[in-house]
Protein chains: 2
Amino acid sequence: MSIDRRRTASVKDVATAAGVSLGTVSNVLNRPDRVSAVTRARVEKAMADLGFVRNESARSLRVGQSDTLAYVMLDAGNPFFTDVAHGIERAADAEDLSLFLCNSANAAEREAKHLEHLQQRRIQGILITPVDPESTLLNDVARRTPLVIVDRTRKAEDFCTVAVDDHHGGRIAVEHLLDHGHTKVAFVGGPLSIGQVTDRYEGARRAWQEADLPPDDLVLITAESLTVAEGRTAGEQLAGIPQRRRPTAAFCANDLLALGLLQQTITSGRRVPDDLAIVGYDDIEFAAAAAVPLTSVRQPRQELGTTAAELVIDESANPTHTHQQVTFTPTLVARASTAR
Amino acid sequence: MSIDRRRTASVKDVATAAGVSLGTVSNVLNRPDRVSAVTRARVEKAMADLGFVRNESARSLRVGQSDTLAYVMLDAGNPFFTDVAHGIERAADAEDLSLFLCNSANAAEREAKHLEHLQQRRIQGILITPVDPESTLLNDVARRTPLVIVDRTRKAEDFCTVAVDDHHGGRIAVEHLLDHGHTKVAFVGGPLSIGQVTDRYEGARRAWQEADLPPDDLVLITAESLTVAEGRTAGEQLAGIPQRRRPTAAFCANDLLALGLLQQTITSGRRVPDDLAIVGYDDIEFAAAAAVPLTSVRQPRQELGTTAAELVIDESANPTHTHQQVTFTPTLVARASTAR
DNA sequence: TTGTAAGCGTTATCAC
DNA sequence: GTGATAACGCTTACAA
């Protein structure tokens, strides 16, 4: 059975049905106050009867832009980014903008395609956690569409950016471990080409230096990617280190790594935190849900999104807008994985 | 410093710059073969110089629809749905359609808003995991826009639906536990108003009946929602049951519950699977990543999405389209949480 | 191969 | 308070 999908009614059809002019119909849509209650009722009835649905393409063609925000996510499967998206959604709702989510899945060409489509739609603003924050593609896009970078920073201050102080995050993670008496610690993370990973590592090293500990006792274990599987691999590497030189704690560049490391540690018969204390990063929901609840560095995810959305709205609406670099400060959430 | 965001160039501007007519510019966009190599080059140069970006609103106004699919997700934070979205993305890519993700966050009014916006955009097809699959709102939408229901079924066969056989899933979960010698089992899930939860429960009960076990030894523990927190609560309830009547295994209606239950069990000093075997449902990535890797019922998530996308594309393009109800069969992935 | 012109559905300006 | 009408940028017959 195939469906009868006839062309949907236009303002013109509604006007005819209601016995008014097309301009009046448009008025009830956009300035209902300008039309008398009785004709308004008549028009509204006609709309309902005909199942009128306003054509957004025509509207946005006419007005030159569309009341829509989009967030190009780096990885829709990572709960961190869906939380950010939630925050954006809140701000978008408040301004009655719709929000589209796009997933670049960490692929530059997917990202480029999405950006192209979004520009073609003349949407009001783009939020993006880019594959490469230094890419000049972003400059091209921003020339036409307000764009703010989320959870990444840029060397030049030519964009609004909203990020979290990763250096500080690395520092507080290590300070927490120092407070618990650890003097041999592993930093698990990579690839180091990711700015955030290096920032967290730098923060960790700085804290280490300030504690006057031998640099070599902060062991770098590089991961290929920030995934659970790599966390397991890191666990094996850690286990391969001779007992006397083996770290008693690990600071992982994100929670997925930490979860993988936790699993590998426990299933190979070692205990957390007794044999190995673990600190993660991001504080995703599953961090608290782990068998040994994970100490983690929490980033204000929703606020990140909300602030970014507010900035992009400002950039699109306010002629005197100036770019801002907003930095949030992460906090440490201590749980069982580092308890003593 | 505010940005100079002048109106972007139109086909007309490009035509003037290239010294050709507007129709020719459109031809290089849509039927490049019809235009000679030399003028094409000239036009393309003009486009590049002017930074031309095609106006999708104008295009889709003219052609009557937009080459876009949308997936209205029930919960963007649940990895299950992002995997489904991945599958949809694959199919959309293959047809060169763009995909927008919308998140209803389980709120009917958010869902309605998204559906309204999508219809206004005259997009080609909608995929949705609805808050309420029986809602008549879906009928209204489907009258204008091809729509397929994902991961839910409907009593009437008036839609294409793609779902997984939850009854079978419940059955194999319990059969697995029976095979491992359990004769007192808890079913953890709820609210029972969710069709899938009841189907899984029904499947479980059927398997139980067929094993000729006393009905009361399949204990129902109802949860308020399918969340980690509720899983922990279930664990406490379970622990409160007198030893001799206490189930030795639990089948949870999803992995979040199972993860919560696993955590509560382990942190309260009982062991998995020795004291309590656990089976989850969905096989999200974090199931395998748990400290005790979780046995779970796996649904073919990506295939779910891909098939749904193919159906909606068929519905939008094929005049002889007929609605289909596709059902996938889940499989059990055995891991340590039920090992003996 | 290229140009001309109509029309998609809406908004907004201007008369009435 | 209401009605004609032009314009937004594009695609697509059709004419040259």
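**Stop 1: the domains of chain A.** Start by colouring chain A of this predicted model by its domain assignment: domain 1 covers 11–54, domain 2 takes 65–165 + 301–329, and domain 3 spans 166–300. Now look at domain 1 and domain 3 of chain A together: their centres, taken over C-alpha atoms, are 63 Å apart.

**Stop 2: the sheet.** Next, select the six strands of chain A that form an open sheet. Reading across, you will pass S7, S6, S8, S9, S10 and S12 in that order, and the pairing is mixed. Which strands stand at the edges? They are S7 (218–222) and S12 (331–333) of chain A; each has a single partner strand, so one side of each has no neighbour in the sheet. Turn the view a little and follow the twist, which averages 20 degrees from one strand to the next.

Zoom in on strand S9 (residues 277–282) and strand S10 (residues 295–298) of chain A, which run parallel and are joined by four bridges. To find a bridge pair yourself, click A:Asp282; its partner in S10(A) is A:Arg298.

Now add helix H9 (residues 195–210) of chain A, which packs on the sheet. Helix H9 touches strands S6 (185–189), S7, S8 (249–252) and S9 of chain A, and its direction makes about 170 degrees with that of S6(A).

**Stop 3: DNA strand C.** Select DNA strand C and show what lies around it: 27 residues surround this strand. The closest are A:Ser10, A:Val11, A:Asn55, A:Ala58 and B:Gly23. Which helices should you highlight, each supplying at least two residues of the surface near DNA strand C? From chain A, pick H1 (11–18), H2 (22–30) and H4 (56–63); from chain B, pick H2 (22–30) and H4 (56–63). Colour this surface by class and you will find 10 nonpolar, 10 polar and seven charged residues.

**Stop 4: where the chains meet.** Finally, show chain A and chain B side by side. How many residues does each chain bring to the contact? Chain A gives 46 residues and chain B gives 46 residues. On the side of chain A that touches chain B, the elements giving two or more residues are H4, helix H5 (79–94), strand S2 (98–103), helix H6 (108–120), helix H11 (255–267) and helix H12 (285–289) of chain A. The residues on that side of chain A divide into 20 nonpolar, 18 polar and eight charged.

Try laying chain A on chain B: a turn of 180 degrees and a shift of 0.1 Å along the axis give an RMSD of 0.1 Å. The two copies are therefore related as by a two-fold rotation axis. The copies also meet through the same surface, because 100% of the interface residues of chain A are interface residues in chain B too.

Key. Residues are numbered from 1 along each chain as its sequence is written. Chains are lettered from A and ligands numbered from 1 in the order in which they are written. This is a predicted model: local features need pLDDT of at least 70, side-chain atom pairs count only at pLDDT 80 or more; totals for chains, interfaces and linings use all residues. Two strands pair if DSSP finds at least two bridges between them. Axes are lines fitted to C-alpha atoms, for helices over the stretch in contact, and angles run from 0 to 180 degrees between N-to-C directions. Two residues are in contact if their C-beta atoms, placed from the backbone, lie within 7 Å. Domain bounds come from an automatic or database domain assignment. A residue is near a molecule or strand if its C-beta atom, placed from the backbone, lies within 6 Å of it. Ala, Val, Leu, Ile, Met, Phe, Trp, Tyr, Cys and Pro count as nonpolar, Asp, Glu, Lys and Arg as charged, and the others, Gly among them, as polar. Copies are superposed by least squares on the C-alpha atoms of residues with pLDDT of at least 70 in both.
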